[in-house]
Amino acid sequence: MYVLGVSEAEEDVYRHFLRNPGAGTDGLHLLLHLDARTLHACVARLRELGLLHPESRDGSHDPGIFPTNPDIALTRLVDLRLNILHQELQQVTRSRHLIDGLRAEQSGRRPAPAGIEQLEGVDRIRDRIDDLAFFARDEILSVEPHTRLSPESIARSRPMDLRCLRRGVRIRSVVARAALEDPPTAAHLRELAAHGAAIRVTSDTAERLLVYDRRTALVPLDPRDPLRGVLLAQRTGLVSNIVALFEKIWDQCVDLAHADDEGGDPADTALSGAERRVLVSMCTVGKDEAGARELGVSVRTYRRHVAELIQMLGASSRAQAALLARERGWV
């Protein structure tokens, strides 16, 4: 267990209580060939890590010590270790910034602003993406305009994506509609969706971006030439703007589950973010005045949008339009 930050003596103490749950510590230092001070320190740290906990025994004022279930204990140790490794990785990243700055000084080039790093070389970029995905805790956002993924790319990204989903990391991805015409790519995307990833499809985007936990973003140096490298940004304002761009693209896309409905209904991809907001308001807000106020538009403009949506859906009333929108997965 030393790889998880538990010393040999601490492991011996934990294993002892696995074999003897509820036992006390009297004489234990002699049994484990430890001095009393070391035993006390081991028990204290194992309690701090959540691997041991005292419980009062019937008819006794001296609490017994019980071990945490090994599955729970090891999961807790792994999470603690990953947090430590994440902090160490951030320190290494800062050292890379220092190296880049020193190289820029040597070559006479102006170094990149603080919080922005230029990455070149396919292997280096892939390694950094793997690191960011491995340490992601909350959310991964991506826009991928490629029309197909190579078998090598799928084999590389699939285990990491599934692992993130199992850990509870939310994945939201925008992909090109043409990618669904490539069977291996389509199968990969649907597998991720089946495991909880939120995937939407667009017919028109040239953007390519990745965002991890809304703190780190990667964008290509030149969208027309991916081989030139990427910029890695960790500056709050810049990352926030990239996230806002993602949300704008996301609002204009259709869910993967409905992408093939009726041959990919063109109305799905034509629905703008503003139209979606009007549609949601139309389905949830009772009065036009309230809906217009919520969206910050005039009542006249709001009613015009509602009428256009009803016509787009081929409905005869607002109620029918709301029902059709839900059936298509628009709301």
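With which residue does Glu 139 form a salt bridge? In this predicted model, the partner is Arg 172, and the closest N and O atoms of the pair are 3.4 Å apart. The pair links distant parts of the chain. Glu 139 belongs to strand β4 and Arg 172 to strand β5, 33 residues apart. Glu 139 has a relative accessible area of 9% and is buried. Arg 172 is buried as well, at 5% relative accessibility. Both values fall under the 20% limit, so each partner counts as buried. The contact is also part of a network. Salt bridges with shared partners join Glu 139 and Arg 172 to Arg 170, Arg 214 and Glu 247.

The strands that carry this pair also pair with each other. Strand β4 spans residues 139–144 and runs parallel to β5, with six bridges between the two. Within this pairing, Ile 140 stands opposite Ile 171 of β5. The connection includes helix α6: β4, α6 and β5 make a right-handed β-α-β unit. β5 also pairs with β6 in the parallel sense, here over five bridges. Ser 173 has Ile 199 of β6 as its bridge partner. From β5 the chain crosses through α7 to β6, and this β-α-β crossover is right-handed. β5 thus pairs with β4 and with β6. Strand β5 is mostly covered, with six of its seven residues buried.

Several of these elements contribute to the largest nonpolar core, which has 27 residues. The members that touch the most others are Ile 140, Cys 164, Leu 180, Ile 199, Val 201, Tyr 212 and Leu 218. Two of these names recur from the strand pairings: Ile 140 stands opposite Ile 171, and Ile 199 is the bridge partner of Ser 173. Two or more core residues come from each of α5 (122–135), α6 (151–166), β5 (170–176), α7 (183–194), β6 (198–202) and β9 (230–233). Helix α6 gives the most, with four residues. A second, separate core holds 18 residues, among them Leu 32, Leu 34, Leu 39 and Leu 77.

The surroundings of Leu 218 can be listed in detail. Residues up to four places away in sequence are not counted. Leu 218 touches Leu 119, Ile 129 and Leu 132, among others. Its contacts also include Arg 208, Leu 209, Leu 210 and Tyr 212. Val 230, Leu 231 and Leu 232 are further contacts of Leu 218.

Side chains of opposite charge can pair when their charged atoms come close. The whole structure contains 18 salt bridges. One of them joins Arg 158 and Glu 191, at 2.6 Å from N to O. Arg 158 lies in helix α6 and Glu 191 in helix α7, so this pair ties together parts that are 33 residues apart in sequence. Arg 158 is partly exposed, with a relative accessible area of 34%. Glu 191 is also partly exposed, at 22%.

Another salt bridge connects the side chains of Asp 288 and Arg 303, at 2.8 Å from N to O. Asp 288 is in helix α11 (residues 288–295) and Arg 303 in helix α12 (residues 299–313). The two residues are 15 apart, and the pair links distant parts of the chain. Burial differs between the partners. Asp 288 is buried, with a relative accessible area of 10%, whereas Arg 303 is partly exposed at 41%.

A pair of aromatic rings is described by the distance of the centres and the angle of the planes. The structure holds two such pairs. Phe 134 and Phe 135 form an edge-to-face pair, 5.0 Å centre to centre with 85° between the planes. Phe 134 is partly exposed at 26% relative accessibility, while Phe 135 is buried at 9%. Phe 246 and Trp 250 form a stacked pair, 5.7 Å centre to centre with 25° between the planes. Both lie in helix α8 (residues 236–251), four residues apart, so about one helical turn separates them. Phe 246 is buried, with a relative accessible area of 0%. Trp 250 is likewise buried, at 8%.

Technical notes. Residues numbered from 1 in each chain as written. Predicted model: local features only at pLDDT ≥ 70, side-chain atom pairs only at ≥ 80, totals over all residues. Heavy atoms only, no water. Core = buried A, V, L, I, M, F, W, Y, C linked by side-chain atoms within 4.5 Å. Buried < 20%, exposed > 50% of the residue type's maximum accessible area, 1.4 Å probe, protein only. Contact = heavy atoms within 4.5 Å. Pairing = 2+ DSSP bridges. Right-handed = clockwise from strand over helix to strand, strands pointing away. Salt bridge = Lys/Arg side-chain N within 4 Å of Asp/Glu carboxyl O. Phe/Tyr/Trp six-rings, centres within 6.5 Å; stacked < 30°, edge-to-face > 60°.
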